[in-house]
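Here are my notebook entries on what I looked up today. Have the structure open beside you and follow along.

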Amino acid sequence: MVRFGTSGWRGIIGRELTFRRVRMVVQAILETLREEKTPVERIVVGFDTRMLSEKFAVSAAQLIASNGILAELTPRDVPSPVVASWVIERQAAAGITFTGSHNAPEYNGLKIYTADGILASQEFTDRVERRFDMLEGEYDDTFLPRPALIHEHDPKPVYLERLQALIDWEAIRSSKIKLIVDPLFGSAREYLDHILLENEVEVDVIHNTRDPYFGGYAPDCTSENLSPMREVMRRTGADLGLSTDGDGDRFGILDQGARMADSSTALAVILDYLARRRNLKGGVGYTVATSGLINAVALHHGLELIETAVGFKNFGPLLVDGTLEYAGEESAGLAWSRHLPERDGVLACLLAAEMVAIEGKSLAELAHALADRVGTFSFRRTQIPLTDRTRAIFDERRGQTWTEINGHKVVEVDRRDGLKLIFEGGSWILVRVAGTEPKIRIYAEGRSSEERRHLMHLVRHFFSQRRL
């Protein structure tokens, strides 16, 4: 059984991710694509820095070619947003990249991009899953090699050209801003640092070699994982620390003084900057798990708001058709449609650098000024393991009728993605099962840190045995 989550298929290498299963998934993708009306003539294949990613990619390209389809294979690991750019550049029928994203080193996985350069929809991946189920058990894992249909292509130049034309490099240069870049041993190395250095921006780089073990940590832009960059910032007096996760589609930012910038705050501050300085006028997308600060900023600027379930793939079609110009989700995902209809951690980092350079203020200062205009929001996310017990309690709680919790009146219940309870005054809690790993995510937001802490305390009782 193979199941796609909010951002592709993930599993442990050697258990869920085997060469046979990878080829079966790729064959299922090809057969699903052939159900579409558009001819399948070219598919691009990328990979990240994880163990076996490159070999999985080569095996996938061989299978694609054996089906009579041209397979383009990157000469080195690439960030996931680069695959999105590559699909658009080459007018490919689809893109496949092997990545475990921000998961621990023992994980790997696969993401599918459509011809529009967006993550495949739930409807498409559901069909892939059904095809895989039909193949399982009777799949003939042999094929005729057709090496003439495998070509090498480097998508880096066109991708960097997109960024070169979008960012105000003169403003960054003239500000004399000092930056630290940490790609966390991932595939964004020699992308973010490369374009900054090419534009004569002062930058120090750490963790810019390929390491499939990511230094022994999951390549996630958490405060703990950014501790080495924090030390470099303190030693050098850098203004900003810019980080990307394992496949480069998420960001992490250390502000002046090496303080971790909350991703929800960063998304809102960047949105405000784009609306004020870069003429952003289109719709704004956010998920049910994202801070209300983004909503407040959008309403302040008169921008249309669209809320979706968690998963950046829900934004893709809306970014393509022009409904959305900007999209953000609390797990440090940002897209601006003038660049790509897909989240991009490299873009997010560059926009943060441009914003700080032009405004001449730190992220914290910009956040405080924003709060004066739109109000204060205090947001937090945590998680617990997904076990038989926690799953059973979650399912029971989700099915309950909710009118109040410990004196807090519930004014709205949202079950689109887990269970979200919205209280009088706009504070809320959300509990949902993660789509990429065996975790239950817990979110809470209040209008003050005290209210948020109280709400998080309430959620802890959510998993007690007594009925609330």
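**Helix 4.** I started with helix 4, which runs over residues 122–135 and has 14 residues. From its first C-alpha to its last, helix 4 reaches 20 Å, close to the 20 Å expected at 1.5 Å a residue. I kept in mind that this is a predicted model.

Next I asked which residues of helix 4 are buried. My list reads Phe124, Thr125, Arg127, Val128, Glu129, Phe132 and Leu135. I then looked up what these buried residues pack against, and found strand 1, helix 1 (19–33) and strand 6. Just after helix 4, I noted Gly137, which takes a positive phi of about 95°.

**Cavities.** How many cavities of 30 Å³ or more does a search of the whole structure find? I wrote down two.

I took the second largest cavity before the other; about 70 Å³ of space lies in it. Thr125, one of the buried residues of helix 4, is also among the residues that line this cavity. Others in the lining include Phe4, Gly5, Lys111, Ile112 and Lys313. Strand 1 (4–5) and strand 6 (107–114) are the elements that give two or more residues to this lining. By class, I recorded four nonpolar, five polar and two charged residues there.

Then I turned to the largest cavity, which holds about 130 Å³ of space. It is lined by 17 residues, and the closest to its centre are Thr6, Arg250, Val310, Ser331 and Thr436. Its lining divides into four nonpolar, six polar and seven charged residues. A last jotting: Thr6 is also on my list for the second largest cavity.

Definitions and conventions: Residues are numbered from 1 along each chain as its sequence is written. This is a predicted model: local features need pLDDT of at least 70, side-chain atom pairs count only at pLDDT 80 or more; totals for chains, interfaces and linings use all residues. Side-chain values use heavy atoms; hydrogens and water are left out. On a 1 Å grid over the protein atoms alone, a cavity is a set of points where a 1.4 Å probe fits but cannot get out, and a pocket is an open set with protein on both sides within 12 Å along at least five of seven lines; lining residues have an atom within 4 Å of a point. Grid points are joined across faces, edges and corners, and a volume is the space filled by probe spheres set on the points. Ala, Val, Leu, Ile, Met, Phe, Trp, Tyr, Cys and Pro count as nonpolar, Asp, Glu, Lys and Arg as charged, and the others, Gly among them, as polar. Helices (H or I, at least four residues) and strands (E, at least two) are DSSP runs, numbered from the N terminus. The expected span of a helix is 1.5 Å times one less than its number of residues. Buried means under 20% relative accessible area, exposed over 50%, partly exposed in between (1.4 Å probe, protein chains only). Contact means heavy atoms within 4.5 Å.
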